[in-house]
Amino acid sequence: MKKDIHPDYHEITVVMTDGTTFTTRSTWGKAGDTLKLDIDPTTHPAWTGVHRLVDSGGQLAKFNRRFKEFGLKG
């Protein structure tokens, strides 16, 4: 291996959305850092099969106001 061209590979702690933690090795952050996940396999619809509507910035509310006369539920 060539010297000084590879990123530092160290242990970090990952905190899942439900509060569980595990230790893994990564090039993210510094040794001992904690990575808090906003979305993980326990909450993401691709893995759970449950779809939730997330209203970011009021877009869902704006849609509902605009199309309420069509009887759509969001």
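This is a short walk through a predicted model, one selection at a time.

**The whole chain**

Start with the protein chain in cartoon view. You should find three strands and two helices. Trace the chain from its beginning and the order reads β-β-β-α-α. There are 74 residues here, and 9% of them count as buried. Keep that figure in mind, as two of the stops below are buried residues.

**Stop 1: D4**

Now select D4, in the segment that comes before β1. Is D4 buried or exposed? It is exposed, because its relative accessible area is 82%, and the cut-off for exposed is over 50%. Take a look at the backbone too: phi of D4 is near 65°, which is a positive value in a residue that isn't glycine. For context, most residues other than glycine have a negative phi.

**Stop 2: H10**

Move on to strand β1 and pick H10. This one is buried, because its relative accessibility is 5% and the cut-off is under 20%. Show the side chain of H10 and add W28 to your selection. A polar atom of the H10 side chain sits 2.9 Å from the backbone oxygen of W28.

**Stop 3: D18**

Next, go to the loop that links β1 (10-15) to β2 (21-26), where you'll find D18. With a relative accessible area of 52%, D18 is exposed. What does the side chain of D18 make a polar contact with? Select T20: the two side chains meet in a polar contact of 2.8 Å.

While you're there, bring up L37 as well. In sequence, D18 and L37 are 19 residues apart, yet C-alpha to C-alpha they are 9.6 Å apart in space.

**Stop 4: D40**

Now jump to the loop between β3 (34-36) and α1 (45-48), and select D40. D40 is buried, because its relative accessible area is 2%, which is under the 20% cut-off. So which backbone nitrogen should you look for beside the side chain of D40? Pick T17: its backbone nitrogen lies 2.8 Å from a polar atom of that side chain.

**Stop 5: the positive patch**

For the last stop, switch on the surface and select K62, R65, R66 and K68. Together they gather in a patch of positive charge on the surface. Zoom in on R66, one of this group. In the cartoon, R66 belongs to helix α2, which covers residues 59-66. Why does R66 count as exposed? Because its relative accessible area is 60%, and anything over 50% is called exposed.

**Before you close the viewer**

Try showing D18 and D40 together. Each sits in a loop, D18 between β1 and β2, and D40 between β3 and α1. D18 is exposed, whereas D40 is buried.

Terms used: Residues numbered from 1 in each chain as written. Predicted model: local features only at pLDDT ≥ 70, side-chain atom pairs only at ≥ 80, totals over all residues. Heavy atoms only, no water. Patch = residues over 30% accessible without salt bridge, like charges linked within 9 Å, V, L, I, M, F, W, Y side chains within 5 Å. Areas by Shrake-Rupley, 256 points an atom, 1.4 Å probe, with all protein chains shown as cover. Salt bridge = Lys/Arg side-chain N within 4 Å of Asp/Glu carboxyl O. Lys, Arg positive; Asp, Glu negative; His and termini not counted. Charge placed at Lys NZ, Arg CZ, Asp CG, Glu CD. Helix = DSSP H or I, 4+ residues; strand = E, 2+ residues; numbered from the N terminus. Buried < 20%, exposed > 50% of the residue type's maximum accessible area, 1.4 Å probe, protein only. Polar contact = N/O pair within 3.5 Å; in protein donor to acceptor, adjacent residues only side chain to side chain.
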